[in-house]
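This report describes a structure of several chains for a reader who has not seen it before. The chains are taken up in turn, followed by the contacts between them.

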Amino acid sequence: MMEQQVWTFSDYIMLVVSGVLVNNILLIRFLGNCPFLGVSKKMDTAVGMTFGVIFVLTCTGPITWFVEHYLLEKFDIVYLETLAFILTIAVFVQLVEMAIKKISPGLYRGLGIYLPLITTNCCILGTCFYNIRFKFGFIPTIVFSFASALGFGLALIIMAGIRERFHYARIPKCFQDTSIGLITAGLIGLSFFAFAGLAK
Amino acid sequence: MEVLKATIYPVLVMGGLAVIYALGLGIAARIFYVYVDPRIAEVEEFLGGANCGGCGYAGCSDCAAAIVEGKAPVNACVAVGADKWEAIAKILGVSVEAGEKQVAMIMCRGSKDKAKRKFQYMGIEDCRAALLAGGGDKECQYGCLGLGTCVKNCPFGALSMGEDGLPKVDKDKCTGCGTCTRVCPRGIPKLVPVSLKIAVICSSHDTPPVVKKICEVGCQGCGICKKVCPEKAITIENSLAVVDPSKCTLCGKCFEKCPTGAIQQILPA
Amino acid sequence: MEGRLVKEFTKGLWEEIPPFRFVLGLCPTLACTTAVRDGIGMGLCLTFVLVCSNMLISLLRKVIPSQVRIPCFIVVVATFVIIVELVTQAYFYPLYMALGIFIPLIVVNCIPLGRAEAFASKNAVIYSLADGLGMGLGFTCSLTALAIFREIFGKGTLLYHHIMWSGFEPFAFLQKPPGAFVCLGLMLGIMNLIGSGEK
């Protein structure tokens, strides 16, 4: 499915299902764990981070696709992919942060503070790499980037909802904070396993 | 030739990319330049930094911006002392009067051995949740449930749960932000001036026969303290004694005569 | 000076060991520990990147202007990551295929960037070297410990040699992603228990 040339609408639907549920970028593909444990303690920070990631990833996926196909391949320096991608992402996020700060201070307060955090988020760079590894065309790149970000957000929000309740539960001292967060993430991931086989 | 291409191309392409990005960011920085009053950052240095919300704003940055804009008074931050207020006032070029520092006081002495319980509660360790379970496990409908909601929510770590099931306030760490007062479902922590010398440490409005049955140390509202006070500083409101500190001379007659010891002298820690 | 050097080196091996004490670098910890060979390989790759980038950034710390320091650090780390990527692709191909995209993802791993920001940009080269080596080796040990557990009980092998008895039913849950999370969480909890017991 990943390497075909002609995409029908149902293929796109399957791609979204695959990205969000079956191969959830966070729980199954392990990308984006560091902010996951830090930001998922409260619901409002989780929602802010989700919107930030959706916006940044849906834009940088296609941009890095352009950089790869029209710049790096033309000059046969594909091995510099890592450097070119991370530079592009860092510059893009910096640009967006400046723009949001000027255009909408309210939005900046809500989501702007997560933007520097998103630059070093493995799920952004990882999804850009997957776009290349799976040999997607331009439109599938956009759809896959959006689906990955949606999956990240879904896992994050579920986690935040559960973790807010931990504040009042009787957890043994040595398991508090990160440890119980990881175990919970594993159990949520286990439930996502139910979707395996739904799409490739 | 191949070697030349292999070395020159990467340098040119990455260098060119870097130059384009740098120019782009430089131009964007000009276009999107936002004037931020530098005084806001300076004022924020002197605020509590805990984002406790005691000032009524959504965090220390918000409060600093409001102070500089003139929307909030210089002494808006309740979590810092008068010396910080003076520093903030100096930045803005205004003056400020100092008020007295307030601290929290837990208005309940009904510990596990002194106050009766209706049933054994085994649920979420939160007083708000316990209240939903049949009105809490204490017989007294006004008393402290001792599950530590205030302790968990104190932004400055000034509260700790004692062995007897009542929270203890560290007066040095307490800043009077009022978070504990807001989160307690029964409003038991109260903000009092730090120099307060006498208080009725009970929140119960139950009548004397009821209090006698359910709590050994609660204020019954019997009125003995009111009768013996030579300055007429004590009144009984809804079966709870209230002291007017401005009239009180600390003669000590009410402490002696109180049958349960609910009215107490507050000694410096 | 020797005392400080030793201290910077050993702190990365227990008190500030990533990813247990310093919760950094979780993504490779979870993804690359299905087999011990992968765990050791990933740890050594990261150690190489960390040591080299720490030393270079420490050498350049007086030269880099403060406003652009993050992009500069990223470029330095990315360069060494590309070197590691090409070397593993050429000489350790099975390891390269097993680790997949997690080798280039070392560039956004919080450990090299975090240590560059917190330590290398403020300290001399020799201490940055010790810090990088200590943290890198600590990370490798953590990965190896997790990988040993996951491989022995999840597959029944160690370094791809069968070591469990023939009737052993492997606990396949440990090899899958949720198993990684749960295993790491439990190990972290046990480490906290030991750590607090020591005090």
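Which pattern does chain C follow when read along the sequence? Chain C follows the pattern α-α-α-α-α-α-α-β-β-α. That corresponds to 8 helices and 2 strands in chain C. The model is predicted, and it scores ipTM 0.81 and pTM 0.77.

## The chains one by one

Chain C has 199 residues, for which a compact globule would have a radius of gyration near 16 Å; the 18 Å of chain C agrees with that. Along the principal axes, the C-alpha trace of chain C spans about 60 × 45 × 30 Å. The mean pLDDT of chain C is 85, and 98% of the residues score at least 70. Within chain C, the element with the highest mean pLDDT is helix α3 (residues 36-59), at 92, while strand β2 (residues 161-162) has the lowest, at 76.

Chain A contains 9 helices and 0 strands. Its pattern along the sequence is accordingly written α-α-α-α-α-α-α-α-α. The radius of gyration of chain A is 18 Å, close to the 16 Å that the globule rule gives for 200 residues, so chain A is as compact as a globular protein of that length. The C-alpha trace of chain A spans about 60 × 45 × 30 Å along its principal axes. Chain A averages a pLDDT of 85, with 95% of the residues at 70 or above. Confidence in chain A is highest in helix α8 (residues 138-166), at a mean of 91, and lowest in helix α5 (residues 105-111), at 73.

Chain B is built from 10 helices and 8 strands. A compact globule of 269 residues would have a radius of gyration near 18 Å, but chain B has 28 Å. The C-alpha atoms of chain B fill a box of roughly 105 × 50 × 30 Å along the principal axes.

The table sets the secondary structure of the three chains side by side.

| Chain | Helices | Strands |
|---|---|---|
| Chain A | 9 helices | 0 strands |
| Chain B | 10 helices | 8 strands |
| Chain C | 8 helices | 2 strands |

## Domains of chain B

Chain B is divided into domain 1 (38-92), domain 2 (101-194) and domain 3 (196-269). The centres of domain 1 and domain 2 of chain B, taken over C-alpha atoms, are separated by 29 Å. Between these two domains, 8 residues of domain 1 are in contact with 8 residues of domain 2. The side of domain 1 that touches domain 2 has 4 nonpolar, 4 polar and no charged residues.

## Contacts between chains

Which chains share the most contacts? Of the 2 pairs of chains in contact, chains A and C do. Chain B and chain C do not touch, and their nearest C-alpha atoms are 10 Å apart.

The contact of chain A with chain C takes 33 residues from chain A and 35 residues from chain C. On the side of chain C, α2 (26-31), α4 (69-91), α6 (110-120) and α8 (177-198) each supply at least two residues. Helix α8(C) gives the largest share of that side, 13 residues. By class, the side of chain C that touches chain A has 28 nonpolar, 6 polar and 1 charged residues.

The contact of chain A with chain B takes 18 residues from chain A and 16 residues from chain B. Helix α1(B) provides the largest share of the side of chain B, 9 residues. That side of chain B has 13 nonpolar, no polar and 3 charged residues.

## One helix pair between chains A and B

Two packed helices are described by the angle between their axes and the distance between the axes. Helix α4 (residues 81-103) of chain A packs with helix α1 (residues 2-31) of chain B at an angle of about 5°, and their axes are 10 Å apart. Because angles under 35 degrees count as roughly parallel, α4(A) is roughly parallel to α1(B).

From α4(A), the contact is made by L83(A), A84(A), L87(A), V91(A), Q94(A), L95(A) and M98(A). From α1(B), it is made by M14(B), L17(B), Y21(B), L25(B), A28(B) and A29(B). The residues of this contact divide into 12 nonpolar, 1 polar and no charged.

Notes:
Residues are numbered from 1 along each chain as its sequence is written. Chains are lettered from A and ligands numbered from 1 in the order in which they are written. This is a predicted model: local features need pLDDT of at least 70, side-chain atom pairs count only at pLDDT 80 or more; totals for chains, interfaces and linings use all residues. Axes are lines fitted to C-alpha atoms, for helices over the stretch in contact, and angles run from 0 to 180 degrees between N-to-C directions. Helices (H or I, at least four residues) and strands (E, at least two) are DSSP runs, numbered from the N terminus. Angles under 35 degrees count as roughly parallel, over 145 as roughly antiparallel, 65 to 115 as roughly perpendicular and the rest as oblique. Two residues are in contact if their C-beta atoms, placed from the backbone, lie within 7 Å. Ala, Val, Leu, Ile, Met, Phe, Trp, Tyr, Cys and Pro count as nonpolar, Asp, Glu, Lys and Arg as charged, and the others, Gly among them, as polar. Domain bounds come from an automatic or database domain assignment. pLDDT is the predictor's confidence in each residue, from 0 to 100. The radius of gyration is taken over C-alpha atoms; the globule rule is 2.2 Å times the number of residues to the power 0.38.
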